[in-house]
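Student: I should like a close look at the salt bridges of this model. Which side chains form them, and how exposed are the partners?

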Amino acid sequence: MPDRFVAFARISQAIPSQFPMWLLAAFLASFFQASSLIAQYSPEHPTVVQMVERGVSYLEKTEAIASGEFKDGGAIIVGYTVYKVRGDDQHPLVKKGIETALHTASILGTQAQANEHKITYVACVSALLLCDVDPDKYRDQITRIRDWLVAVQKPHGGFSYLTTPAGDTSQVQYAMLAMWAMNEAGVTAPVDTVERALGWLRRFQNQDGGWGYQPSEMQAFTTTKSLATAGLGALMIGGDTLRLYGQRQKKRVDDFVPSALKLVVEKKKEQGPQGVSLSKDDLQPTIDRGVAWQNGNPATPSLQNRDWYTYWRYSQ
């Protein structure tokens, strides 16, 4: 299983329609701190270290980072980013993120969740933070998030805004990422939930190999670079959650390998979750079409000026 999925689980979301500077800082910090190799750079390369430090320093000095419907999600993302770099769960921003994540878990399934338009996103990033900081201490809250995701999954297998019937490729991606993280923390996602989400991704892949925004039987959406990448990533993350690519274990490495790397090696496939009906061969045609679309549609300079540029980059 490529290390990109380990990196993927460390990266902040890009929900706002107007991409804010605080989120860019969070993205840069968490992305370079967690991913194994970015081109010729390692996490300990001086350039990367400087970028990460500047990003986190910006977050530490900035007040009122997010507001409105992005307030809770923003606090969790910032806390997650700072924790990934500082490793201190007593850092004020990390504590704020944890408190917000715990509050989010507590309102799931209650009337209070109606006040959170982005509740699916917020619940998923809450799971990422709590799973990373202390999965044993926060097991009850992680389990509550897991059970809530199972309950709000749409009949067709997708995830979306609670009042929106159609699935949302972006939110399916976040649900898959949260379930992967919870699995890694020992709070297992039901096989049926993961397989139904994979079924949604396979069913609503566009004929060109990409994915659009909120596809349904009644309406198709044009493929975009960011959502095509999100759909493809979600598909492979879901496959890894089901252990379709084999079990993974940490690998002992030589001293010259940067300590920040979390290297894994693929083992010969062993017993995975009970009741899995899919195989990696079932997913491969969808993956192949998705990769073909990516290869045939490289990013253009104009994409860098759009709000979802970084969303595409972290999905990549």
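Tutor: The following account takes the salt bridges in turn, with the surroundings of each partner. The structure is a predicted model, in which local features need pLDDT of at least 70 and side-chain atom pairs count only at pLDDT 80 or more, while totals for chains, interfaces and linings use all residues. Residues are numbered from 1 along each chain as its sequence is written, and side-chain values use heavy atoms, with hydrogens and water left out.

A salt bridge is taken here as a side-chain nitrogen of Lys or Arg within 4 Å of a carboxyl oxygen of Asp or Glu; the count by this rule is seven. One of them joins the side chains of Glu60 and Arg86, at 3.1 Å from N to O. Because Glu60 belongs to helix H3 (residues 46-61) and Arg86 to helix H4 (residues 71-86), this pair ties together parts that are 26 residues apart in sequence. Helices here are DSSP runs (H or I) of at least four residues, numbered from the N terminus. Glu60 has a relative accessible area of 34% and is partly exposed; Arg86, at 31%, is partly exposed too. These terms follow fixed limits: buried is under 20% relative accessible area, exposed over 50%, and partly exposed in between (1.4 Å probe, protein chains only).

Arg139 and Asp136 form another salt bridge, with an N to O distance of 3.1 Å. Arg139 is partly exposed at 26%, whereas Asp136 is exposed at 60%. In the salt bridge between Arg146 and Asp147, the closest N and O atoms are 2.6 Å apart. Arg146 is buried, at 17%, and Asp147 is partly exposed, at 39%. Salt bridges with shared partners also join Glu53, Glu60 and Arg86 into one network.

Definitions and conventions. Helix = DSSP H or I, 4+ residues; strand = E, 2+ residues; numbered from the N terminus.
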